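Biologist: Could you walk me through this one slowly? I am still learning how to read a structure, and I would like to start with the charged pairs.

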Amino acid sequence: MGNRLSSITTRTGDDGTTGLADGSRLSKKDLRVHAMGDVDELNSHLGLLLTEPLPEPLGTEITRIQHDLFDLGAALCMPGFDVFPDTAVARLDTLIAEFNKPLARLEEFILPGGSRAAAYAHIARTVCRRAERVVVDLKSHEDVPEELLLYLNRLSDFLFVAARWIHHQAGVQDVQWKKGFNRPSQA
């Protein structure tokens, strides 16, 4: 990183713009800025998940993912520069397979909940899906590396599996959706 901030309050964004790494400025309502913000929010939710006692190797992997997300944000902040590791998607594919291996076959949809750590993983999953939708929208207007979309798609899958794996490791049952739960019973 070329320039480290010595002052956090720069006042350069007071006009409703934000700076990219190449020195250009965009409106804070620009899709690229939304994408960067959603990826940053996702990283913060993963930080919250890491405050929970997580069985290994999940904590280590979430920390690695946080670094990937920082690189992904950098790729969004530096259009045209290839700064995202090309091995990240394959690593997520491997993690999904490893963490899914001990889990029971899904028989029903899963509701977020059951334990706080799993619920945090589900929140991160939904924020990841939002970030993915914004990056897809951005890609329809500008050149965005395909790996960023692939990574966000795989990451949301991994976070779903991670939530289930957390329950599996703790001996907690997933909260399953029940068809007709809120419908009056037929007499």
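Modeller: Gladly, and please keep in mind that this is a predicted model. For the charged pairs, the count comes to 12 salt bridges.

Biologist: Which residue does Arg 32 meet in a salt bridge?

Modeller: The partner of Arg 32 is Glu 142, and their side chains meet with a distance of 2.7 Å from N to O. Arg 32 lies in helix H1, which covers residues 31-49, while Glu 142 sits in the loop between helix H4 (116-139) and helix H5 (146-170), so this pair ties together parts that are 110 residues apart in sequence.

Biologist: Is Arg 32 buried or exposed? And what about Glu 142?

Modeller: Arg 32 counts as buried, because its relative accessibility is 3%, and under 20% is what buried means here. Glu 142 is partly exposed, with a relative accessible area of 33%.

Biologist: What does Arg 130 pair with?

Modeller: Arg 130 forms a salt bridge with Asp 38, at 2.8 Å from N to O. Arg 130 belongs to helix H4 and Asp 38 to helix H1, so here too parts of the chain are tied together, in this case parts that are 92 residues apart in sequence. Arg 130 is partly exposed at 27% relative accessibility, whereas Asp 38 is buried, with a relative accessible area of 9%. Salt bridges that share partners also join Asp 38, Glu 41 and Arg 130 into one network.

Biologist: What else does Asp 38 touch, if I ignore its neighbours within four places in sequence?

Modeller: Leaving those neighbours aside, Asp 38 is in contact with Val 127, Arg 130, Ala 131 and Val 134. Arg 130 is therefore both a contact of Asp 38 and its partner in the salt bridge.

Biologist: And Arg 105, which residue is its partner?

Modeller: Arg 105 forms a salt bridge with Glu 107, and the closest N and O atoms of the two are 3.2 Å apart. Arg 105 is exposed, and Glu 107 is exposed as well.

Biologist: Let me zoom out for a moment. How many helices and strands does the chain have?

Modeller: The secondary structure of the chain comes to 5 helices and 4 strands. If you read along the sequence, these elements follow the pattern β-β-α-α-α-β-α-α-β.

Biologist: How much of the chain is buried?

Modeller: Of its 187 residues, 37% count as buried. If you take the contacts in the chain with a separation of 6 or more, 72% of them are accounted for by residues that are 24 or more positions apart.

Biologist: Back to the helices, then. How do H2 and H5 cross?

Modeller: Two packed helices are described by the angle between their axes and the distance between the axes. Helix H2 covers residues 58-77, and its axis and that of H5 come within 12 Å and cross at roughly 160 degrees. That makes H2 roughly antiparallel to H5, because angles over 145 degrees count as roughly antiparallel. The crossing of H2 with H5 is left-handed.

Biologist: Which residues make that contact?

Modeller: On the H2 side they include Leu 58, Ile 62, Ile 65 and Asp 68, and on the H5 side they include Leu 148, Tyr 151, Phe 158 and Trp 165. By class, the residues of the contact of H2 with H5 divide into 16 nonpolar, no polar and 1 charged.

Biologist: And how do H4 and H5 cross?

Modeller: The axes of H4 and H5 come within 9 Å and cross at roughly 165 degrees, which means that H4 is roughly antiparallel to H5. This crossing is left-handed, and the contact of H4 with H5 has 15 nonpolar, 4 polar and 6 charged residues.

Biologist: What does Leu 149 touch?

Modeller: Leu 149 is in helix H5 and counts as buried at 13% relative accessibility. Apart from neighbours within four places in sequence, Leu 149 is in contact with Glu 132, Val 135, Val 136 and Lys 139. Leu 149 and Glu 132 are 17 residues apart in sequence, and their C-alpha atoms are 6.3 Å apart in space.

Biologist: One last residue: is Glu 61 buried or exposed?

Modeller: Glu 61, which lies in helix H2, counts as buried at 12% relative accessibility. Not counting residues up to four places away in sequence, Glu 61 touches Arg 91, Leu 95 and Phe 99.

Conventions: Residues numbered from 1 in each chain as written. Predicted model: local features only at pLDDT ≥ 70, side-chain atom pairs only at ≥ 80, totals over all residues. Heavy atoms only, no water. Salt bridge = Lys/Arg side-chain N within 4 Å of Asp/Glu carboxyl O. Helix = DSSP H or I, 4+ residues; strand = E, 2+ residues; numbered from the N terminus. Buried < 20%, exposed > 50% of the residue type's maximum accessible area, 1.4 Å probe, protein only. Axes fitted to C-alpha atoms, helices over the stretch in contact; angles between N-to-C directions. Parallel < 35°, antiparallel > 145°, perpendicular 65-115°, else oblique. Left-handed = near helix turned anticlockwise from the far one by under 90°. Contact = heavy atoms within 4.5 Å. Nonpolar A, V, L, I, M, F, W, Y, C, P; charged D, E, K, R; others polar.
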